[in-house]
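Here's a quick briefing to read with the model open beside you. Pull up the viewer and follow along.

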Amino acid sequence: ENGYGLVNRINCISSSDLVNWTDHGAIPVAGSRGILPWARNSWAPCAAHKVIDGKDQFFLYSCNNGNGVTVLVADHPAGPFRDPLGKGLITRQTPNCANVTWLFDPAVFVDDDGTGYLYFGGGIPGGNHAAPGTGRCVQLGEDMISIVGVPRTMDVPYLFEDSGMLKIGDTYYYSYCSNWNTSGNPYGMGSGAIQYMTSDHPLGPFEYAGQAFVNQGTFFGLWGNNHHSMVKFKGVYYLLYHNRPVEKAMGISGNYRSPQIDVMHVNEDGSIRPVKGTMKGVSQLHPLDPYAPVSAQTMYREAGIEVTGYGPDALTVADTGDWLQLRGVDFGDGCGSITLRAGSQGGGAVRFVTDAPDGTVLGDVLIPAGDMQEFTFDCTASGVHDLYLLFVGDVQADWWQAR
């Protein structure tokens with residue numbers, strides 16, 4: 001069982017084809033054993049990248065409960081991360097922030113000139129649903145871990161929470177989740193929906209422009225607050241948001257959220273075509289290349305799989321009956337062997353199968369009890385197939401590669 005007060009880790013997953021995803025493990029952000037032991041929680045994360053002094057730097061922002069914004073820094077997007085400040089980036093002591101009802105939900109944007117900006121805040125003081133006045137924005141320092149000047153108050157109609165920022169052409173799109181008391185508003189916005197405003201400057205002023213995504217309950221039947229991110233990836237715009245399909249399938253109700261992604265279309269006039277939420281999601285952008293090392297934490301679907309550690313230390317841990325599936329693996333003209341790096345405490349095995357769990361067996365890897373090592377078996381596979389890894393015994397897997 002989980003709850004808001006227990007959330008102190010952030011999961012990192014990555015993909016180049018938007019169908020097969022690599023689980024890089026749970027980053028231990030807050031809590032007594034976290035990277036930020038002085039912080040309680042790691043809510044509503046966002047990430048940013050910037051080249052500083054010729055070096056790639058990755059920044060992970062989250063909120064310490066509803067009372068401030070924290071930041072971590074790493075040399076790789078999956079970590080390991082470090083605490084650069086020893087305190088919050090935004091706190092109740094930050095000018096013009098003490099009166100923000102919910103001092104949380106950061107969004108960070110790096111402009112074309114390398115300047116970073118931070119957006120945050122939410123809540124409805126005194127029942128002022130139409131104009132809460134709790135949104136804030138501020139320029140970040142060159143180091144991305146400091147602010148320039150005093151955060152500005154944003155005039156965001158019916159703001160609830162969940163800031164976002166995206167630049168399309170020369171226009172800045174600030175997006176957010178509307179609150180649950182929008183009836184009678186002059187904009188035609190719905191409650192708990194993703195709204196957006198536009199400006200010709202990253203710090204505004206912003207003008208209301210439209211609604212991008214109604215509450216996900218409209219599509220999936222389970223309602224709740226609506227967090228999102230608008231991104232451009234390989235020339236296409238996407239909306240990422242959360243939904244509750246797992247608890248629906250389990251027949252329980254606890255507001256458990258899973259990330260989903262759908263294409264977002266931008267019209268010629270710059271308006272955003274309202275996104276339709278789907279359970280299908282997006283199509284695979286390209287086949288998976290098995291001739292480069294494939295992390296054993298990469299999967300399209302799975303059952304029973306766990307990932308321990310995070311960043312470079314992440315490992316797949318499986319027991320008898322567990323499996324993972326990869327979508328659209330392109331073996332080309334054919335492979336001659338597959339190598340798996342794995343280990344086991346008591347002994348185990350991994351079977352490689354194409355197209356279905358009971359499909360064509362490429363080969364078995366028998367793993368004796370012992371440390372991690374490489375195992376190779378001869379096989380023949382060509383063309384594009386789904387690939388299944390089926391586990392027996394206890395197995396810790398690192399990566400695999402066709403040759």
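What follows is a short tour of an aspartate, an alanine, the cysteines and a small sheet. Keep in mind that this is a predicted model.

**Asp394: a charge without a partner**
- Asp394 sits in the loop that links β27 (384-393) to β28 (395-402).
- Asp394 is buried, yet it has no salt bridge. Look for the nearest side chain of opposite charge and you end up at Arg341, 15 Å away. A salt bridge here would call for a side-chain nitrogen of Lys or Arg within 4 Å of a carboxyl oxygen, so Arg341 doesn't qualify.
- What does the Asp394 side chain reach instead? Its side chain gets to the backbone nitrogen of Gln345 at 2.7 Å, and it also makes a polar contact with the side chain of Gln396 (3.4 Å).
- Setting aside neighbours within four places in sequence, Asp394 touches Ala318 and Asp319, plus a run made up of Gly343, Ser344, Gln345, Gly346, Gly347 and Gly348.

**Ala47: out in the open**
- Ala47 belongs to strand β3 (residues 43-52).
- Is Ala47 buried or exposed? With a relative accessible area of 58%, Ala47 counts as exposed, because the cut-off for that label is over 50%.
- Beyond its neighbours within four places in sequence, Ala47 is in contact with Phe59 and Leu60.
- Ala47 and Gly3 are 44 residues apart in sequence, and their C-alpha atoms lie 23 Å apart in space.

**Cysteines: no bonds to report**
- How many disulfides are there? The count comes to 0.
- Cys46 is buried, at 14% relative accessible area. Its closest cysteine sulfur belongs to Cys63 and is 9.2 Å away, so there's no bond, given that a disulfide needs the two sulfurs within 2.5 Å.
- Cys335 is buried as well, with 6% relative accessibility. For Cys335, the closest cysteine sulfur is in Cys379 at 3.6 Å, which is still too far for a bond because the cut-off is 2.5 Å.

**A three-stranded sheet**
- Strands of a sheet pair through backbone hydrogen bonds, either parallel or antiparallel.
- In this model, 3 strands make an open, antiparallel sheet, ordered β1-β2-β18. The edges are β1 (9-14) and β18 (298-299), each pairing on one side only.
- Strand β2 (residues 21-28) pairs with β18 in the antiparallel sense, over 2 bridges.
- To find your way around there, look for Thr22, which stands opposite Thr298 in β18.

Methods:
Residues numbered from 1 in each chain as written. Predicted model: local features only at pLDDT ≥ 70, side-chain atom pairs only at ≥ 80, totals over all residues. Heavy atoms only, no water. Helix = DSSP H or I, 4+ residues; strand = E, 2+ residues; numbered from the N terminus. Buried < 20%, exposed > 50% of the residue type's maximum accessible area, 1.4 Å probe, protein only. Lys, Arg positive; Asp, Glu negative; His and termini not counted. Polar contact = N/O pair within 3.5 Å; in protein donor to acceptor, adjacent residues only side chain to side chain. Contact = heavy atoms within 4.5 Å. Pairing = 2+ DSSP bridges.
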